[in-house]
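Biologist: Thanks for sitting down with me. Could you walk me through how this protein is put together, one question at a time?

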Amino acid sequence: GVLIALTLLPVQLAKGEIINPLSIFDSKYRKYIGEFILTYSLMLTAIMISLWFMIIPAIVVGISWSLALYYLLDRGMNPLQAIMASNNATYGSKWTIFFVKLTMGFCFMIINGIMGALVGGTLIGSILLVILIVTEVSVAISVSASIWGQLKDNVK
């Protein structure tokens with residue numbers, strides 16, 4: 001249930017909801033466990049199969065289906081409907097999503113490298129790196145919320 005609640009954070013942010021940290025333990029999220037596992041398994045299996053063909057198809061499939069869990073949990077779709085809705089919603093936006101996430105990843109890597117070189121090996125440095133990682137996770141969730149907020153209604 002906690003993983004499902006954490007997965008829904010971008011959806012809640014896109015709606016402008018106030019997030020209570022203790023709400024991740026609510027029992028309402030446990031009712032989605034079966035559908036969540038099925039959807040995630042279908043997504044992961046397809047991405048792994050596409051990796052056999054090369055890395056580019058795996059990236060395309062991963063981006064195409066990146067919103068599927070949000071459709072499943074927020075819109076109450078079944079796993080196949082959620083995957084198809086995600087594919088439809090990301091149609092025409094895959095390059096943008098790819099470059100936004102690639103740029104974000106490179107920025108995080110550069111910042112982490114600089115911070116690690118400056119303060120690595122000390123207790124204060126370790127604490128600063130943990131704070132930096134928590135900040136980066138917050139930024140990544142915010143980017144996912146922005147993508148969801150812009151693309152959620154692109155479904156036919």
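**Helices, rings and core**

Modeller: Happy to, and let's start with one packed pair: helix 4 (residues 55-64) and helix 7 pack with their axes 10 Å apart, at an angle of about 100°. Bear in mind that this is a predicted model.

Biologist: Are helix 4 and helix 7 roughly parallel or roughly perpendicular to each other?

Modeller: The angle between helix 4 and helix 7 is about 100°. Angles from 65 to 115 degrees fall in one class, so helix 4 and helix 7 are roughly perpendicular.

Biologist: Which residues in helix 7 are met by helix 4?

Modeller: On the helix 4 side, the residues in this contact are Ile 59, Val 60, Ile 63 and Ser 64. By class, the contact between the two helices has five nonpolar residues, one polar and one charged. The partners in helix 7 are Lys 94, Ile 97 and Phe 98.

Biologist: Which helices do the buried residues of helix 4 pack against?

Modeller: The buried residues of helix 4 are Ala 58, Ile 63 and Ser 64. Of these, Ile 63 and Ser 64 also take part in the contact with helix 7. Altogether, the buried residues of helix 4 pack against helix 3, helix 6 and helix 7.

Biologist: Phe 98 has a ring, so let's turn to aromatics. Is the pair of Trp 95 and Phe 98 stacked or edge-to-face?

Modeller: Trp 95 and Phe 98 both lie in helix 7 (residues 94-119), three residues apart, which is about one turn of the helix. Trp 95 is exposed at 62% relative accessibility, while Phe 98 is partly exposed at 24%. Their ring centres are 6.2 Å apart with 85° between the planes, and the pair is edge-to-face.

Biologist: How many aromatic pairs are there by this rule?

Modeller: Two rings pair if their centres lie within 6.5 Å. By this rule the count is six.

Biologist: And why is the pair of Phe 36 and Tyr 40 stacked?

Modeller: Both residues sit in helix 3 (residues 33-53), four residues apart, about one turn of the helix. Phe 36 is buried at 8% relative accessibility, whereas Tyr 40 is partly exposed at 43%. The ring centres of Phe 36 and Tyr 40 are 6.3 Å apart, and planes under 30 degrees apart count as stacked. The pair is stacked because its planes are at 5°.

Biologist: Now the interior. Which residues have the most contacts inside the largest nonpolar core?

Modeller: That core has 28 residues. Helix 1 (2-7), helix 3, helix 5 (68-75), helix 6 (79-90), helix 7 and helix 8 (123-151) each give two or more residues to it, and the largest share, six residues, comes from helix 5. The residues with the most contacts inside the core are Leu 67 and Tyr 71.

Biologist: Tyr 71 again! Which aromatic cluster is Tyr 71 in?

Modeller: Leaving out residues up to four places away in sequence, Tyr 71 touches several residues, among them Met 77, Ala 82, Ala 85 and Trp 148. The cluster is made of Tyr 70, Tyr 71 and Trp 148.

Biologist: To finish, how many helices and strands does the protein have?

Modeller: Read along the sequence, the pattern is α-α-α-α-α-α-α-α. The C-alpha atoms fill a box of roughly 50 × 40 × 25 Å along the principal axes, and 30% of the 156 residues are buried. The secondary structure comes to eight helices and zero strands.

Definitions and conventions:
Residues numbered from 1 in each chain as written. Predicted model: local features only at pLDDT ≥ 70, side-chain atom pairs only at ≥ 80, totals over all residues. Heavy atoms only, no water. Phe/Tyr/Trp six-rings, centres within 6.5 Å; stacked < 30°, edge-to-face > 60°. Buried < 20%, exposed > 50% of the residue type's maximum accessible area, 1.4 Å probe, protein only. Axes fitted to C-alpha atoms, helices over the stretch in contact; angles between N-to-C directions. Parallel < 35°, antiparallel > 145°, perpendicular 65-115°, else oblique. Contact = heavy atoms within 4.5 Å. Nonpolar A, V, L, I, M, F, W, Y, C, P; charged D, E, K, R; others polar. Core = buried A, V, L, I, M, F, W, Y, C linked by side-chain atoms within 4.5 Å.
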